[in-house]
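These are my notebook entries on a single chain, set down in the order in which I looked things up. The structure comes first, and the entries follow.

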Amino acid sequence: MFGLKDINTENKYDETDERKIKIADTISIFTNPPIITIPLFLIICIVLACDGTPFTSNFTFNWTQFIITELISLIFASILPMAIILHWARKLDTDKDISNREDRFVPLIVGVVSYLIGFIISLILGVSNFITVLILCYTVNTFIVMLITYKWKISIHTTGLTGPVAALIMLLGPIGAIFGLLYPLLIWSRFTLKKHTMAQAIAGGVFGLIMTVLEAYLYMNLLNLPVSNLVPIGECLWIILGLIIPPIVLGILTILKDNGNGNTKKIFYLLCILAIIFFMIFAPSSALITLILEIIASILVSHFGGENFSWFRAIQ
């Protein structure tokens with residue numbers, strides 16, 4: 001699938017790395033898509049309910065909109081998907097991640113239906129165009145992930161994280177991108193737990209970020225659901241590029257390292273310098289800041305992973 005199937009770098013973690021495996025498992029639990037959507041959608045709903053500059057006389061907070069949008073997102077993007085995941089996992093007597101690719105289709109189908117109902121309700125109530133469009137993005141993206149899953153086990157965890165992060169980027173720009181700094185950490189977690197190959201973990205995040213932004217702006221135009229004061233699509237895509245470049249580069253360099261290339265450390269830092277120069281010339285400052293922070297986050301995750309983590313072996 002997409003030629004990424006071969007990017008299956010060796011995971012050298014085993015049961016003796018008990019502490020790091022427990023940390024990875026904790027990260028994986030709290031970034032499970034129906035769980036991570038709770039705090040991220042809460043922030044989204046708070047931002048959407050705000051009108052004016054906080055702590056000034058012209059600031060207002062629309063409690064009615066906040067309550068309704070939060071209930072819609074909580075029920076249809078979190079509670080119902082989580083309930084079916086837990087029920088299906090118990091029924092199949094499998095782990096909470098439903099690691100077997102063939103067992104994921106029913107939860108994904110139910111997820112699509114849940115998001116679709118949430119979209120219809122949001123559209124009928126007309127509370128927030130942004131939430132309406134975002135839940136439609138969830139519907140379509142979950143359906144696409146289900147189709148991909150027939151052939152390839154793309155990471156639902158990284159897709160589930162980066163979807164709402166993309167929404168926060170549209171609303172808050174580089175401030176929203178701060179949550180994208182969890183992306184390298186989640187890649188490490190899923191790879192360490194041997195739930196995904198490196199390519200599957202990276203691809204899920206790339207898919208969630210790019211598709212959510214492109215679809216959101218498309219649906220706003222097609223469905224005539226305008227949203228004011230959003231970050232322009234061009235700046236959003238630059239910020240997203242800043243988030244995905246370091247993990248992609250590290251993923252590719254691990255292949256070179258595993259194939260005997262001894263210059264991956266020099267290549268990595270050279271590419272980082274070139275990327276920063278390129279962003280300084282062509283990208284908005286928000287994207288440059290995002291790129292630098294993501295490079296730092298990726299390096300820190302690599303060193304935390306240590307010798308057993310392929311990223312660290314590539315840059316040591």
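Entry 1, threonine 290. I began with the contacts of threonine 290 and, leaving aside neighbours within four places in sequence, I found Pro174, Ala177, Ile239, Gly242 and Leu243. I am working from a predicted model, and I read each of these contacts with that in mind. Threonine 290 has its place in helix α12, which runs over residues 285–305. I then asked myself whether threonine 290 is buried or exposed. Its relative accessible area is 4%, which is under the 20% cut-off, so I noted threonine 290 as buried.

Entry 2, serine 286. I stayed in helix α12, where serine 286 also lies. Serine 286 counts as buried, because its relative accessibility of 6% is under 20%. Which residues does serine 286 touch, once its neighbours within four places in sequence are left aside? I listed Pro174, Glu235 and Ile239, and I noted that Pro174 and Ile239 also appear among the contacts of threonine 290. I also looked up the pair serine 286 and cysteine 236, which are 50 residues apart along the chain and whose C-alpha atoms are separated by 9.3 Å.
As a reminder to myself, an α-helix has 3.6 residues a turn, so residues three or four places apart point the same way.

Entry 3, lysine 20. I moved to helix α1, residues 18–30, in which lysine 20 is found. With a relative accessible area of 17%, lysine 20 is under the 20% cut-off and therefore goes into my notes as buried. In sequence, lysine 20 and glycine 306 are 286 residues apart, yet their C-alpha atoms are 10.0 Å apart in space.

Entry 4, helices α4 and α9. For α4, residues 105–125, I recorded 21 residues and a reach of 30 Å from the first C-alpha to the last, close to the 30 Å expected at 1.5 Å a residue. The buried residues of α4 include Phe105, Leu108, Val112, Tyr115, Phe119 and Ser122. Just after α4, I found glycine 126 with a positive phi of about 65 degrees.
Helix α9, residues 198–222, has 25 residues and reaches 36 Å, which is close to the 36 Å expected for it. Because 19 of the 25 residues of α9 are buried, I described this helix as largely enclosed by the rest of the structure. Asparagine 224 follows α9, and its phi is positive as well, near 55 degrees.

Entry 5, the largest pocket. I noted about 470 Å³ of space in the largest pocket. Its lining is made up of 17 residues, and those nearest the centre are Val47, Leu48, Cys50, Ser228 and Asn229. Which element gives the most to this lining? It is α2, with three residues, while α2 (33–49), β1 (50–51) and α5 (129–149) each supply at least two. Sorted by class, the lining has nine nonpolar, seven polar and one charged residues.

Entry 6, the chain as a whole. I closed with the totals, beginning with the secondary structure, which comes to 13 helices and two strands. Of the 316 residues, 52% count as buried, and the chain exposes about 14400 Å², of which carbon and sulfur atoms supply 68%. Among contacts with a separation of 6 or more, residues 24 or more positions apart account for 75%.

Conventions
Residues numbered from 1 in each chain as written. Predicted model: local features only at pLDDT ≥ 70, side-chain atom pairs only at ≥ 80, totals over all residues. Heavy atoms only, no water. Expected span 1.5 Å × (residues − 1). Buried < 20%, exposed > 50% of the residue type's maximum accessible area, 1.4 Å probe, protein only. Contact = heavy atoms within 4.5 Å. Areas by Shrake-Rupley, 256 points an atom, 1.4 Å probe, with all protein chains shown as cover. 1 Å grid on protein atoms, 1.4 Å probe; cavity = no way out; pocket = protein on both sides within 12 Å on 5 of 7 lines; lining within 4 Å. Points joined across faces, edges and corners; volume = space filled by probe spheres on them. Nonpolar A, V, L, I, M, F, W, Y, C, P; charged D, E, K, R; others polar.
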